[in-house]
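Visitor: Hi, could you walk me through this one? I'd like to hear how the helices pack.

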Amino acid sequence: MIVPLDIVLFVILIATAFLALHVKDLLAAVGLLSAYSLFAALLFAGLSALDVALVEAALGAGLTGVLFIAAILATTRRSAPRTDSRRRLVVIPLILGFVGLMLYASVDLPDRGDPDAPAHQGVATAYIEGSLEQTQTPNVVTAILADYRSQDTLGETLVIVTAALSAALVLVRRGDDEDEDEVAVGSTDARDGTGPTGGPVPTDDAGPTDDVEGER
């Protein structure tokens, strides 16, 4: 990928992450995080990591966003106000230190696509040369994900399943709480002798006192 385009994607990623942390509307934050995952997928595709790009686009920009939206619709859309602003005095220097450390560590990285880079030696060569014979899988990427890294792929799948189950539990719990609130309101109205609108509860049968007064 062209280097200026990489820089544009990095700037967009930083901007979307910054906005996602500062917006008060959680639904807007989910949209920004989904956009972040989509631009990250474009960056991975530019690095020729198409399998990682597809996973990031499908899970990060797709399924995860849907789960977040379902959780927000079942709970609340507004984030709680942050009362302690002194955390920024600690967090901002830590972020700047981390970025500086990453830039310093990237100075000695090899050029992209360099055949002599360490990433293209050793185990990568072994995968390309021996995957078909060892796994009987014609696609090298599939052989790495489903055979050599099968436990890692299983762990990632468990993370997605856990997220889906957590969202389902939130939705079910939300429905139960609403039913309990409606029952509690109905019980309170019955004890106070008022209906749902605050008026008297209508009754069809006259009580013993009303019958006696009618005879007099």
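**Confidence and helix packing**

Guide: Happy to. In this predicted model, residues 204–216 have pLDDT under 50 (pLDDT is the predictor's confidence in each residue, from 0 to 100), and the model has one contact beyond four places in sequence for them (contact means heavy atoms within 4.5 Å).

Visitor: What does the protein chain average for pLDDT?

Guide: The average is 78, and 79% of the residues score at least 70.

Visitor: Which elements have the lowest and highest mean pLDDT?

Guide: Helix α8 (residues 208–215) has the lowest, 47, and α2 the highest, 89. Helices here are DSSP runs of H or I, at least four residues, and strands are E runs of at least two, numbered from the N terminus.

Visitor: Any ground rules?

Guide: Residues are numbered from 1 along each chain as its sequence is written. Local features need pLDDT of at least 70 and side-chain atom pairs 80 or more, while totals for chains, interfaces and linings use all residues, and side-chain values use heavy atoms, with hydrogens and water left out.

Visitor: OK, at what angle do α1 and α2 pack?

Guide: Helix α1 (residues 3–22) and helix α2 (residues 26–46) pack at about 160°, with axes 9 Å apart. Axes are lines fitted to C-alpha atoms, for helices over the stretch in contact, and angles run from 0 to 180 degrees between N-to-C directions. The pair is therefore roughly antiparallel (an angle over 145 degrees).

Visitor: And which residues of α1 and α2 meet?

Guide: Among them are L9, F10 and L13 in α1, and L32, L33 and Y36 in α2. By class, that contact has 15 nonpolar, one polar and one charged residues. Ala, Val, Leu, Ile, Met, Phe, Trp, Tyr, Cys and Pro count as nonpolar, Asp, Glu, Lys and Arg as charged, and the others, Gly among them, as polar.

Visitor: How far apart are the axes of α2 and α3?

Guide: They are 7 Å apart, and α2 packs with helix α3 (residues 50–74) at about 175°. The contact includes S34 and S37 of α2, and E56, G60 and G65 of α3. It has 16 nonpolar, four polar and one charged residues.

Visitor: Switching topic, what does UniProt list as "transmembrane region"?

Guide: The unreviewed entry lists residues 6–23, 30–47, 53–76, 88–107 and 154–172; such annotations may be inferred rather than shown by experiment. In the model, residues 30–47 are 94% helix, with end C-alpha atoms 26 Å apart. Residues 154–172 are 100% helix, and their end C-alpha atoms are 27 Å apart.

Notes:
Angles under 35 degrees count as roughly parallel, over 145 as roughly antiparallel, 65 to 115 as roughly perpendicular and the rest as oblique.
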